[in-house]
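This report covers the metal site, the ring contacts and the main pocket of one structure. The sequence and the model are shown first.

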Amino acid sequence: MIVRKSPEELDRMRRAGRVVADTISRLLEAVAPGRTTFDLDRLAAQTIEAVGARPSFKGYRGFPATICTSIDHEIVHGIPSRTRRLTEGQLLSLDVGAVWEGFHADSAVTVVVGGIAPSPEAERLLKTTEAALDAAIERVRPGGRLSDIGHAIEEVAEREGLGLVREYGGHGIGRALHEDPFVQNWGDPGRGPELKPGLVLALEPMLNLGGDATRLLPDGWTVVTADGSLSAHFEHTVAVTETGHEVLTARDR
Ligand code: MG
Ligand code: MG
């Protein structure tokens, strides 16, 4: 069931979105060679809890950490580790969720550790995945249809000849971290439910330098590319408004 949010509920989601955005900004400042992914996890927990919010992921179906950290060929849901030190040139996806007065926000970004991409192809992967998210966000407007979003993502991935993860996608978000509808990241436009004001979606394209196929690691969480190729992931929580959309997790306001 798709639940649209009242203006008062959107206010709380806006606040949750700001907590997530601020946490990602702090994490981005802290990413450096030699840091462990657990260091980042602890910093995220401190940042979220300092303002009276709560992490969305910790305990979600038993997930053991505050954030997801996914490196290189890991696509999503990587678990922070005390023994895993970041090294120059790695692609690091940081995925953060927070809940404020009962409402969640969810956002992710992929960056290069140390700032210098390991190859032009890796740089292109990052740029294209972010462009796919931007294209998806542009399709969020009243009167549009849900599948317009996935179609936009697929178009960008295909234009650049990149792999597109198809087993995972975006989702409705609100009182629950994952609500209806599931947002498929590919397919024909003009299908599915109409986008109406008050609908809030987490949009999250995942693109690979190689093929589309994924594999789940034995830890039960970490999703990796089946061919071991690099992967990138960007995500924002986006509300349909009367006139278009509002990115609730924007970091540039
Ligand atoms: Mg996320
Ligand atoms: Mg999500």
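## Pocket, metal site and ring contacts

Strand β8 contributes four residues to the lining of the largest pocket, the most of any element. The model is a predicted one. The largest pocket holds about 560 Å³ of space. Its lining is made up of 25 residues, and those closest to the centre are Y60, R61, H77, Y168 and H178. Two elements, β7 (170-172) and β8 (179-183), each give two or more residues to this lining. Sorted by class, the lining of the largest pocket comprises 13 nonpolar, six polar and six charged residues.

**Metal site.** Which protein atoms act as donors to the magnesium ion (ligand 1)? They are D95 (OD), entered twice, D106 (OD) and E235 (OE), at 2.0 to 2.6 Å from the ion. Along the sequence, the donor residues of this magnesium ion (ligand 1) follow the spacing D-x10-D-x128-E. D95 belongs to strand β4 (residues 91-100) and D106 to strand β5 (residues 103-112), with their positions 11 residues apart in the numbering. D106 also serves as a bridge between the magnesium ion (ligand 1) and the magnesium ion (ligand 2), and the two ions are 3.2 Å apart.

Buried is the class for a relative accessible area under 20%. D95 has a relative accessible area of 5% and is therefore buried. D106, with a relative accessible area of 3%, is buried as well.

**Ring contacts.** The structure contains one aromatic pair. It is formed by F63 and W221 in an edge-to-face arrangement, with 4.9 Å from centre to centre and 85° between the planes. The pair links distant parts of the chain, 158 residues apart: F63 is in the loop between β1 (54-55) and β2 (68-71), and W221 is in the loop between β11 (214-216) and β12 (223-225). Both rings belong to buried residues: F63 has 3% relative accessibility, and W221 has a relative accessible area of 19%. The value for W221 falls in the buried class because it is 19%, and the cut-off is under 20%.

Two arginines are placed over aromatic rings, as listed here.

| Arginine | Ring | Distance to ring centre |
|---|---|---|
| R15 | W100 | 4.1 Å |
| R82 | F38 | 3.9 Å |

In the first row, R15 lies over the face of W100. In the second, the charged end of R82 is over the ring of F38.

Definitions and conventions
Residues numbered from 1 in each chain as written. Chains lettered and ligands numbered in written order. Predicted model: local features only at pLDDT ≥ 70, side-chain atom pairs only at ≥ 80, totals over all residues. Heavy atoms only, no water. Donors = N, O, S within 2.8 Å, 3.2 Å for Na, K, Ca; no water. Buried < 20%, exposed > 50% of the residue type's maximum accessible area, 1.4 Å probe, protein only. Phe/Tyr/Trp six-rings, centres within 6.5 Å; stacked < 30°, edge-to-face > 60°. Lys NZ or Arg CZ within 6 Å of the ring centre and 35° of its normal. 1 Å grid on protein atoms, 1.4 Å probe; cavity = no way out; pocket = protein on both sides within 12 Å on 5 of 7 lines; lining within 4 Å. Points joined across faces, edges and corners; volume = space filled by probe spheres on them. Nonpolar A, V, L, I, M, F, W, Y, C, P; charged D, E, K, R; others polar.
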